[in-house]
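The report below goes through one structure part by part, beginning with a sheet and the helices packed on it and moving on to the way its copies meet. Please keep the sequence and the coordinates at hand while reading.

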Protein chains: 2
Amino acid sequence: MATSVSPLAPQTVPDMPEITGVKLATAAAGIRYANRTDVLLAVFDKGTSAAGVFTRSKCPSAPVEWCRARLKGKTARALVVNSGNANAFTGKTGRASTKLTAQIAAKAVGCGVNDIYLASTGVIGEPLDATKFNGVLDTLASHAVPGGFLNAAKAIMTTDTFPKVATARTSLGKAKVTINGIAKGAGMIAPDMATMLSFVFTDAPITAPVLQKLLKESVVDTFNAVTVDGDTSTSDTLLAFATGAAAKNGAPKITRASDPRLKGFRKALGMVLADLAEQVARDGEGARKLVEITVEGAVSKASARKIAMSIANSPLVKTAIAGEDANWGRVVMAVGKAGEPANRDKLSIWFGGIRVAHRGARDPAYDEARVSAAMKNPKIPLKVNLGLGRGRDRVLTCDLTKEYVAINGDYRS
Amino acid sequence: MATSVSPLAPQTVPDMPEITGVKLATAAAGIRYANRTDVLLAVFDKGTSAAGVFTRSKCPSAPVEWCRARLKGKTARALVVNSGNANAFTGKTGRASTKLTAQIAAKAVGCGVNDIYLASTGVIGEPLDATKFNGVLDTLASHAVPGGFLNAAKAIMTTDTFPKVATARTSLGKAKVTINGIAKGAGMIAPDMATMLSFVFTDAPITAPVLQKLLKESVVDTFNAVTVDGDTSTSDTLLAFATGAAAKNGAPKITRASDPRLKGFRKALGMVLADLAEQVARDGEGARKLVEITVEGAVSKASARKIAMSIANSPLVKTAIAGEDANWGRVVMAVGKAGEPANRDKLSIWFGGIRVAHRGARDPAYDEARVSAAMKNPKIPLKVNLGLGRGRDRVLTCDLTKEYVAINGDYRS
């Protein structure tokens with residue numbers, strides 16, 4: 001995808017430390033793209049626990065079904081990700097393809113097929129020729145080395161204009177542990193999950209059920225609070241792998257989600273996921289503005305979320321922001337259509353921190369020139385106060401530009 | 001709005017007959033636009049019954065609230081419509097403005113304010129200066145004449161690229177009766193209602209409760225089955241006025257919705273609304289393709305409707321159609337995200353009558369060249385069979401083009 005890097009891309013890319021127990025390798029298998037890597041193999045030490053959260057699509061991809069079934073085993077030895085073909089809506093061929101890929105990977109790594117996790121992203125509905133992994137995964141397994149997370153993030157890109165990585169370091173007991181994450185996803189982004197693919201790796205010794213619980217908690221206000229176009233992918237996958245290697249440094253083995261020693265880890269995991277989720281919004285197809293929508297004064301957090309998402313997914317709100325127009329009338333429209341409790345005469349709306357509407361009408365002090373200036377910024381905070389209760393929520397989205405239409409009118413995703 | 005006429009505009013405009021008991025006049029009041037009409041006054045003979053269906057927005061416009069309150073009276077003597085300003089989210093000023101407009105109209109026509117119906121369309125959140133109607137409505141009332149429906153349709157346009165009119169003639173008892181309709185609406189179109197404004201006039205002698213029931217029934221598969229961008233307006237209004245003048249020609253007075261003599265009228269009303277609703281989709285902002293989505297084999301009609309709307313509102317499906325790409329993978333995505341019962345392995349999908357996917361995978365006989373040719377047509381039938389039950393539904397939408405973004409990134413609606 002020869003598009004230029006999003007103007008909203010982060011200014012700096014963090015140094016991604018190694019995670020003991022995780023080795024990575026990438027290759028160009030020619031699945032769809034020429035002259036770029038399109039396969040990632042992550043190999044995990046024995047004893048690695050796994051957790052996952054997936055799309056709620058009623059028509060999930062074959063790899064999503066594969067991973068869901070594997071999670072019952074709670075352990076992982078390898079992850080294979082390919083870009084260019086999503087292996088979604090490929091029927092029996094798709095199921096056979098995941099099985100063959102897992103078999104090739106299991107042989108290459110030297111483990112059972114049930115410890116292999118798979119993810120695919122790209123075109124839907126085209127058969128994925130798993131024989132292309134023959135040889136490739138063998139080579140990758142023998143070349144896999146600690147580190148290389150940025151390259152891993154590059155290998156899983158599709159219409160992304162920049163690779164997405166995040167890292168955090170925290171304490172578990174007296175030991176330091178690291179959490180690394182990579183993600184891809186630029187269109188077909190909506191809860192749940194809000195990214196097409198994301199993978200998190202840590203050396204913390206955390207059992208699979210606890211890791212699963214932490215992951216589920218952490219997506220609520222991160223990946224599930226991001227939308228680009230309201231379209232939910234068939235392939236959305238977030239997997240977490242905990243090698244437990246930090247136990248050697250004295251990290252305690254965590255077997256209960258209520259363990260108070262998890263406080264720092266929980267926070268750090270949330271930060272990594274929030275960072276990756278924001279990068280997904282910043283790389284929304286054709287995005288020129290990052291839009292942070294805060295809804296306050298709703299009857300509940302769930303109600304605030306629905307209203308925030310109604311605003312975030314409104315084509316009219318998104319095109320207005322693309323046009324740098326603080327069109328609060330369209331925000332009223334989006335609040336009204338959400339179907340949640342709202343009272344027109346109690347509504348207040350802010351663009352860029354400036355109140356433009358108050359209690360059901362234009363703010364008397366509303367200075368259009370000042371707001372227009374604020375709308376030129378790359379990040380647009382948009383706040384709505386419903387004046388009904390204490391429910392509050394925040395979601396991220398981007399504007400809707402002609403480039404979104406161009407990207408999706410040409411590329412068969 | 002100096003945009004060129006939609007390529008999907010109907011080739012011919014019907015001759016709109018007069019409706020006895022309805023007089024129309026339009027004027028240029030300079031509410032927002034220069035050099036065009038922007039006010040419509042319809043004057044009805046005494047004894048005219050009224051019915052209405054409105055937006056389900058929780059933040060309706062002041063005129064919507066005005067009309068809802070008026071319908072309790074069941075009778076109408078005049079309708080005032082302005083374009084350019086929606087008088088929505090205008091707080092107390094908005095309520096005062098509707099009242100003043102009704103007072104001016106009532107004086108001009110010589111009736112009580114409760115027999116005045118109002119509708120406004122255009123910018124949201126800007127105060128509507130009702131004093132602009134002073135004098136104007138007087139003049140209109142004295143100049144109102146039978147006929148002139150096409151001019152009426154022109155006066156209520158905003159981003160519409162062509163005026164929308166439809167007419168039908170049917171029998172009621174032994175008498176002929178006529179139904180005329182006009183509509184406007186090009187963006188911010190979604191159920192319920194699917195048009196911003198539409199007005200239907202008939203000389204049939206039908207009581208208000210019966211007219212209300214017929215109208216409610218008839219919107220289900222017409223206006224409520226159309227979407228342009230999934231954004232529900234604060235102002236969506238459909239009003240029907242029955243003058244009863246055909247009673248002089250022997251038409252029976254209809255007082256029960258179950259009256260078998262209504263058969264022809266019911267069908268004709270449905271046809272007029274369906275015609276207008278399709279014209280709204282054909283004039284979707286920036287539309288280049290009319291898309292007719294049929295969902296079959298769902299567990300119920302309601303389920304089929306939700307899935308059809310999920311497809312119709314998917315930006316990825318709409319941009320693919322703009323790119324003349326029969327991207328059935330995105331249709332699978334939209335089916336999957338609807339949250340309704342669906343089984344990937346039973347899904348079949350047709351574009352332009354050609355089956356491209358069958359039982360969960362690409363149709364073996366799928367000829368991309370043939371489908372590509374079909375995608376070049378201005379009307380794209382898209383059919384999904386879920387293979388689960390007998391539920392069936394049909395909705396209309398249009399594609400999502402760069403012009404939609406341009407129109408809505410520039411125009412403050």
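Which strands of chain A does helix H2 (residues 91–109) of chain A lie across? In this model, which is predicted, H2 of chain A lies across S2, strand S4 (78–85) and S5 of chain A, and the helix runs at about 130° to S5(A).

## The sheet of chain A and its helices

The sheet that H2(A) covers in part is an open one, built in chain A from 4 strands in the order S1-S2-S4-S5 with mixed pairing. Strand S1 (22–27) and strand S5 (116–123) of chain A take the edge positions, and because each has a single partner strand, one side of each is left without a neighbour in the sheet. From one strand to the next the twist averages 10°.

Strands of a sheet pair through backbone hydrogen bonds, and they may do so in a parallel or an antiparallel arrangement. S1(A) and strand S2 (residues 39–44) of chain A take the antiparallel sense, with 6 bridges between them, and A:Lys23 has A:Val43 as its bridge partner in S2(A). A further helix, H3 (residues 136–143) of chain A, lies across S1, S2 and S4 of chain A and is oriented at about 50° to S2(A).

## A strand of chain B seen from both faces

In chain B, strand S2 (residues 39–44) can be followed residue by residue. All of it counts as buried, 6 residues of 6, so the strand is largely enclosed by the rest of the structure. In a regular strand the side chains alternate between the two faces of the sheet. For S2(B) both faces are covered, since B:Val39, B:Leu41 and B:Val43 are buried on one side, while B:Leu40, B:Ala42 and B:Phe44 are buried on the other.

The pairing of S2(B) involves two strands that can be described in turn. Strand S1 (residues 22–27) of chain B runs antiparallel to S2(B) and is joined to it by 6 bridges, one of the pairs being B:Ala25 with its partner B:Leu41 in S2(B). Strand S4 (residues 78–85) of chain B also pairs with S2(B) in the antiparallel sense, here over 5 bridges, and in S4(B) the bridge partner of B:Val39 is B:Asn82.

## Two domains in chain A

The domain assignment divides chain A into domain 1 (22–282) and domain 2 (290–410). Taken over C-alpha atoms, the centres of domain 1 and domain 2 of chain A are 33 Å apart. Contact between them involves 11 residues of domain 1 of chain A and 11 residues of domain 2 of chain A. On the side of domain 1 of chain A that touches domain 2 of chain A, the residues comprise 5 nonpolar, 4 polar and 2 charged.

## A buried arginine in chain B

B:Arg282 belongs to helix H6 (residues 263–282) of chain B. Is B:Arg282 buried or exposed? It counts as buried, because it has 24 C-beta neighbours inside 10 Å. Although B:Arg282 and B:Leu8 are 274 residues apart in sequence, their C-alpha atoms are 5.2 Å apart in space. When neighbours within four places in sequence are left aside, the contacts of B:Arg282 are B:Ser6, B:Leu8, B:Ala9, B:Ala287 and B:Leu290.

## How chains A and B meet

A turn of 180° with a shift of 0.0 Å along the axis lays chain A on chain B with an RMSD of 0.0 Å. The two copies are therefore related as by a two-fold rotation axis. Among the residues of chain A, A:Lys402 comes closest to this rotation axis, with its C-alpha at 2.4 Å.

The contact takes 53 residues from chain A and 53 residues from chain B. On the side of chain A that touches chain B, the elements giving two or more residues are H2, helix H8 (315–322), helix H9 (328–337), strand S13 (361–362) and helix H11 (402–410) of chain A. H9(A) gives the most to that side, with 8 residues, and the residues of the side divide into 20 nonpolar, 20 polar and 13 charged. Because 100% of the interface residues of chain A are also interface residues in chain B, the copies meet through the same surface.

## Helix H8 of chain A

H8(A), listed above among the elements that contribute to the contact, is mostly covered, with 8 of its 8 residues buried. The buried residues in H8(A) include A:Pro315, A:Lys318 and A:Ala322. Just after H8(A), A:Glu324 takes a positive phi of about 55°.

Conventions
Residues are numbered from 1 along each chain as its sequence is written. Chains are lettered from A and ligands numbered from 1 in the order in which they are written. This is a predicted model: local features need pLDDT of at least 70, side-chain atom pairs count only at pLDDT 80 or more; totals for chains, interfaces and linings use all residues. Domain bounds come from an automatic or database domain assignment. Two residues are in contact if their C-beta atoms, placed from the backbone, lie within 7 Å. Ala, Val, Leu, Ile, Met, Phe, Trp, Tyr, Cys and Pro count as nonpolar, Asp, Glu, Lys and Arg as charged, and the others, Gly among them, as polar. Two strands pair if DSSP finds at least two bridges between them. Axes are lines fitted to C-alpha atoms, for helices over the stretch in contact, and angles run from 0 to 180 degrees between N-to-C directions. Copies are superposed by least squares on the C-alpha atoms of residues with pLDDT of at least 70 in both. A residue is buried if 20 or more other C-beta atoms lie within 10 Å of its own, exposed if 12 or fewer, and partly exposed in between; C-beta atoms are placed from the backbone.
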